[in-house]
Amino acid sequence: MTYPAADTDALRALENRLTTVRSELADLARDVEDLQSKVGDTEDLDHTLRRLQYSIEDLEATAERLEDEHDAHTSDTERSLKKLTARIRLLENLARPSEDAPAADLDTIEAAWKELAATAQRGTETAAGLLTEAGRQTHQATINRHRQAEQRRREAQQRAIAAAKILATTAHTERAHKKAASDFTTALAAEDSTRANLGALAAEANTARLALETDDRRRREAAPAIAEGKKASRKLAMILRTRLARALADRARLPVWFVTVLGPAPPAEATQEWIDLAVDVLVYRTTHQITDPVLALGPKPHDAAGAAQHRDLTRALNAWTP
């Protein structure tokens with residue numbers, strides 16, 4: 001049968017395409033055989049790929065979190081820089097006071113303030129003569145140890161009595177009799193041991209009890225002076241706080257002793273702590289009538305209460321960075 005030339009060309013192209021497909025199928029069959037022979041390795045590879053995918057997801061989440069933290073840190077840094085810039089500008093203004101800027105008078109002490117300071121100091125000294133809370137707890141613990149020892153002795157005596165009753169009502173061959181004999185011996189040993197220490201504990205407890213009773217009486221007697229001292233202390237602190245606030249508002253030149261330990265102006269942060277510390281120093285100078293132009297606290301007082309105040313303020317000022 002004779003085909004047209006166009007059909008012949010189409011058949012020839014189809015045969016070539018079939019040959020190519022057969023060749024591709026043969027290659028695919030060989031690939032399948034290779035894949036089947038390596039199915040174990042393929043499973044391991046699939047597990048590894050899944051694990052890597054999870055790791056990639058974790059890394060992406062971590063990257064997003066770090067990016068958020070970076071944005072937040074950048075925002076905080078910008079705010080801190082703004083505060084620092086404002087602080088520097090304030091310090092520059094304070095460092096260049098105008099010629100007519102007044103000098104802050106933080107050293108003049110009025111007679112009424114001296115009286116308030118004296119009343120406050122009397123209250124402080126009176127309170128210092130009382131037992132501290134830790135001291136009272138120590139005495140109470142001594143009393144409690146004596147009470148506990150007495151209780152252990154009573155319990156040992158009761159165990160001995162109970163064991164003696166069993167011994168009196170049972171034959172020595174009975175199991176209950178033998179156990180009671182052991183309990184009786186143990187109870188007597190415990191009672192003897194407790195009684196041996198009871199005398200010393202009783203003496204310590206009596207001393208502690210007397211100390212607490214004496215402190216209670218002193219507290220009742222000292223209550224009015226302590227209350228008046230606290231009231232005077234609050235009033236004096238308010239007066240000196242107002243005085244300091246007025247000097248800061250007037251942009252007055254602060255004394256050398258003040259600037260040395262507290263700086264020329266309140267900080268942008270921890271402002272309240274700065275003011276509280278400054279007022280404490282002013283109260284101290286007023287109380288002890290310190291006039292030293294350079295040393296904020298002057299010489300250390302000789303009395304116990306004043307020395308304690310000097311020590312505490314020195315620590316606070318050393319911890320502060322102007």
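Start at R251, which sits in the loop between α5 and α6, the latter covering residues 256–262. In this predicted model, R251 has a phi near 55°, a positive value in a residue that isn't glycine. That's worth a look, because most residues other than glycine have a negative phi. As for its surroundings, R251 counts as partly exposed, with 48% relative accessibility.

Another residue does something along those lines further down the chain. Q289 isn't a glycine, yet its phi is positive at about 50°. You'll find Q289 in the loop between α7 and α8, and with a relative accessible area of 48% it is partly exposed.

Now zoom out for a moment. The protein chain has eight helices and zero strands, so reading from the N terminus you simply go α-α-α-α-α-α-α-α. Of the 322 residues in the chain, 23% are buried. The chain exposes about 22,300 Å², and carbon and sulfur atoms supply 56% of that area. If you take the contacts with a separation of 6 or more, 74% of them involve residues 24 or more positions apart.

With that in mind, let's walk through some helix pairs, beginning with α3 (residues 111–128) and α5 (residues 175–249). Their axes come within 7 Å and cross at roughly 135°. An angle over 145 would count as roughly antiparallel, and 65 to 115 as roughly perpendicular; α3 and α5 are therefore oblique to each other. The crossing of this pair is left-handed. On the α3 side, the residues in the contact include W113, L116 and G123, while the α5 side brings in A222, I226, E228 and R243, among others. Sorted by class, the α3–α5 contact has 12 nonpolar, five polar and three charged residues.

Helix α5 also meets α7, which spans residues 271–287. The axes of α5 and α7 come within 9 Å, crossing at roughly 115°, and this crossing is right-handed. From α5, the contact takes in L236, A237, L240, R241, L244 and L248; from α7, the partners include W274, I275, D276 and V279. The class count for α5 with α7 is 11 nonpolar, two polar and two charged. If L236 and L240 ring a bell, that's because both are also among the α5 residues that meet α3.

Next, follow α7 to its contact with α8 (304–319). These two helices pack at an angle of about 150°, with axes 11 Å apart, which makes α7 roughly antiparallel to α8. Their crossing is left-handed. Here α7 uses L277, D280, V281 and Y284 to meet G306, Q309, H310, L313, A316 and L317 of α8. By class, that gives six nonpolar, three polar and one charged.

What about the loop between these two helices? Besides Q289, L295 lies in it. Leaving aside residues up to four places away in sequence, L295 touches W257, R285 and I290. Its C-alpha atom is 8.5 Å from that of V256, although L295 and V256 are 39 residues apart along the chain. V256 falls in the residue range of α6 (256–262), the helix that follows the loop holding R251, which brings you back to where the tour began.

Key:
Residues are numbered from 1 along each chain as its sequence is written. This is a predicted model: local features need pLDDT of at least 70, side-chain atom pairs count only at pLDDT 80 or more; totals for chains, interfaces and linings use all residues. Side-chain values use heavy atoms; hydrogens and water are left out. Axes are lines fitted to C-alpha atoms, for helices over the stretch in contact, and angles run from 0 to 180 degrees between N-to-C directions. Helices (H or I, at least four residues) and strands (E, at least two) are DSSP runs, numbered from the N terminus. Angles under 35 degrees count as roughly parallel, over 145 as roughly antiparallel, 65 to 115 as roughly perpendicular and the rest as oblique. A crossing is left-handed if the near helix is turned anticlockwise from the far one by less than a right angle, and right-handed if clockwise. Contact means heavy atoms within 4.5 Å. Ala, Val, Leu, Ile, Met, Phe, Trp, Tyr, Cys and Pro count as nonpolar, Asp, Glu, Lys and Arg as charged, and the others, Gly among them, as polar. Buried means under 20% relative accessible area, exposed over 50%, partly exposed in between (1.4 Å probe, protein chains only). Accessible areas come from the Shrake-Rupley method with a 1.4 Å probe; for residues, only the protein chains shown count as cover.
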